[in-house]
Amino acid sequence: MKRFRCLVKTAFIALLCAGAQLTLLAQKGNVKSASGSSLLSEQEQEANSAMFVDAVKERLCENYELAEEKLHRVILADSQHAAAHYELAVLMVLKGEVKEALLQVNRAAKLDPDNQWYQVMMGDLYNQTLQFDKSVPVWKRLSENFPENLEYLNNYAFALLQQHKLKEAVAVYDRMQQQIGPDEELVEAKKNIYLYLNKVEQAAQEIIHLSECYPNDPKYLVEVADIYRTNGKMKKAVPYLEAACRLDSNNPQVLTSLYDYYVQKEQEEQAYRLLKKIFASPDVPLEPKRKVMANYFLRFLQENKQNDKYGDQLSQLIVILLETHPKEASLWAQQSDILVAKGKYGEAITALEHSLSLDSSVYKVWQAYLQLLVHEGRDETCDEAERAKSLFPMQPYPYVASGWCLWKQQDYWEAAEELERALRLIPEDGDLEMRFQTYGLLSTVYEALGEKELFEKATKEFERCTEMLYPKSGKREKIKTKQPEPEWKE
């Protein structure tokens, strides 16, 4: 198979072999001793050169053992054959024997110190083996001999960074930048070095220079602002954020950063103006918007709902969110919470209906919906309670709502059965408010039935829940019937 691949590559190999012969001729003293005297006769030199070319051909054909054998024979005949040592190093790399490769390329470089490719391979191998103290002088020499070669400069800077010689690395990046002009990767590398050295101004200046080259691109202004902001210099960040905002008034990163600043400075009007833009941006993730809404809602509740400003802002923000994310069921449920807090129960029911039309799998939304239907005495409560029971047969509130419907229809025994089932589904350490409501309704149902013992038992539990929920107020809320007082109460 290897021989077949070798035949396929014949033309390519012929060219490489010719190149190998040229490499031989380019070696300094490849057939001379250290003193400069010839070691081989002309005929021996030709035979050794032919052997070297054969070795290169075998290596290209992936016949590595044969190639290695021929290279060793070349070196045995002429220990100062630099090209043979180099080719042996290449072969060792292919075989994964990096230590031996380094040994051979070092020998080649010593025999021919002016050969660029020997130095490059040596520098690469030193980098690969993390011997950066040895690779630094190699890349330094190459970058001085070939100052326009950006790859050599980049490797030199990399080796310096690994040696923690940061200032020297910046100087090399400067040399690269002089050749290619403003380059984002170079600037980013220099910026990161300056930030590591805690030189915030120098880091910012690097990006400022880049922004001056691209005055219509806001991302560099944002990056400058981010450098200042993350290093506790928010005051310096603001002008760059505002400049970026003038270029792109809907940039979510700019809006968010400015919003954070105005909140920190308690400049509420400016913060709220930006917040509306943030909420209207589909590029800003929904989760941080939810958190902001939760904070506004909390402040609204803390003000005891007396502060119309927070209530109006809440209403505006949720409307913007719903316009931006109309298919997000949870937002319609969140709108219902705001409407309930403002006493707009009918509108809250409509919002929950919209939420359930988008996603009917969330029990808490169903519970809130049924509670509002019961609160408002809606006729559709019975049908909706049955739907909820079929979806969540092991959740209590659908049975509470169903019990309320049956009580309203004066089907008291069926109502009591539903309510008792609900109580069995409420954990002992579960929803105390729901137990309170359920026992209140159940005591009313048993009162209507004239079941004295059951009435007293339900009332006792209702009062116990009352004391736990309202220990000072003594609040007692039961659904009252219009039925006449039972005889046993007289």
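Colleague: So helices here are DSSP runs of H or I with at least four residues, numbered from the N terminus; in which loop is Asn 198 found?

Modeller: In this predicted model, Asn 198 is found in the loop between helix H11 (184-196) and helix H12 (200-213). The phi of Asn 198 is near 65°, which is a positive value in a residue other than glycine.

Colleague: Is Asn 198 buried or exposed?

Modeller: Asn 198 counts as exposed, because its relative accessibility is 59% and the cut-off for exposed is over 50%.

Colleague: And where is Gln 410, and what is its phi?

Modeller: Gln 410 sits in the loop between helix H23 (397-408) and helix H24 (412-425), and although Gln 410 is not a glycine, its phi is positive, at about 65°. A further positive phi, near 65°, belongs to Glu 62, which follows helix H3.

Colleague: How many residues has H3, and how far does it reach?

Modeller: Helix H3 covers residues 42-60, which is 19 residues, and it reaches 27 Å from its first C-alpha to its last, close to the 27 Å expected at 1.5 Å a residue. Among the buried residues of H3 are Met 51, Phe 52 and Val 53, and also the charged-looking names you may have spotted in the sequence, Glu 58 and Arg 59.

Colleague: Switching helices, does the span of H14 agree or disagree with what it should be?

Modeller: The span of H14 agrees: its 14 residues, 234-247, should span 20 Å at 1.5 Å a residue, and its end C-alpha atoms are 20 Å apart. The buried residues of H14 are Met 234, Ala 237, Val 238, Leu 241, Ala 243, Ala 244 and Cys 245.

Colleague: What covers those buried residues of H14?

Modeller: The cover includes helix H13 (218-230) and helix H15 (252-264).

Colleague: New topic, how many aromatic pairs are there?

Modeller: The count comes to eleven aromatic pairs. One of them joins Phe 132 and Phe 158, whose rings are 5.7 Å apart centre to centre with 75° between the planes, an edge-to-face arrangement. Phe 132 lies in helix H8 (residues 132-145) and Phe 158 in helix H9 (residues 150-162), so this pair ties together parts that are 26 residues apart in sequence.

Colleague: Are Phe 132 and Phe 158 buried or exposed?

Modeller: Phe 132 counts as buried, at 8% relative accessibility, whereas Phe 158 is partly exposed, with a relative accessible area of 36%.

Colleague: What about Trp 139 and Tyr 152?

Modeller: The ring centres of Trp 139 and Tyr 152 are 6.1 Å apart and the planes are at 40°, so that pair is tilted. Trp 139 lies in helix H8 and Tyr 152 in helix H9, so the pair ties together parts that are 13 residues apart in sequence. Trp 139 counts as buried at 0% relative accessibility, and Tyr 152 counts as buried at 3%. Ring pairs also link Trp 139, Phe 146 and Tyr 152 into a cluster.

Colleague: Which residues does Arg 435 contact?

Modeller: Leaving aside its neighbours within four places in sequence, Arg 435 is in contact with Leu 423, Ile 426, Pro 427, Glu 428 and Cys 465. Arg 435 is found in helix H25 (residues 432-449) and is buried, with a relative accessible area of 5%.

Colleague: Last one, what is the average pLDDT?

Modeller: The protein averages a pLDDT of 82, and 87% of the residues score at least 70. Over residues 1-38, however, the pLDDT is below 50, and over residues 478-490 it is also below 50.

Conventions
Residues are numbered from 1 along each chain as its sequence is written. This is a predicted model: local features need pLDDT of at least 70, side-chain atom pairs count only at pLDDT 80 or more; totals for chains, interfaces and linings use all residues. Side-chain values use heavy atoms; hydrogens and water are left out. Helices (H or I, at least four residues) and strands (E, at least two) are DSSP runs, numbered from the N terminus. The expected span of a helix is 1.5 Å times one less than its number of residues. Buried means under 20% relative accessible area, exposed over 50%, partly exposed in between (1.4 Å probe, protein chains only). Contact means heavy atoms within 4.5 Å. Rings of Phe, Tyr and Trp (its six-membered ring) pair if their centres lie within 6.5 Å; planes under 30 degrees apart count as stacked, over 60 as edge-to-face and the rest as tilted. pLDDT is the predictor's confidence in each residue, from 0 to 100.
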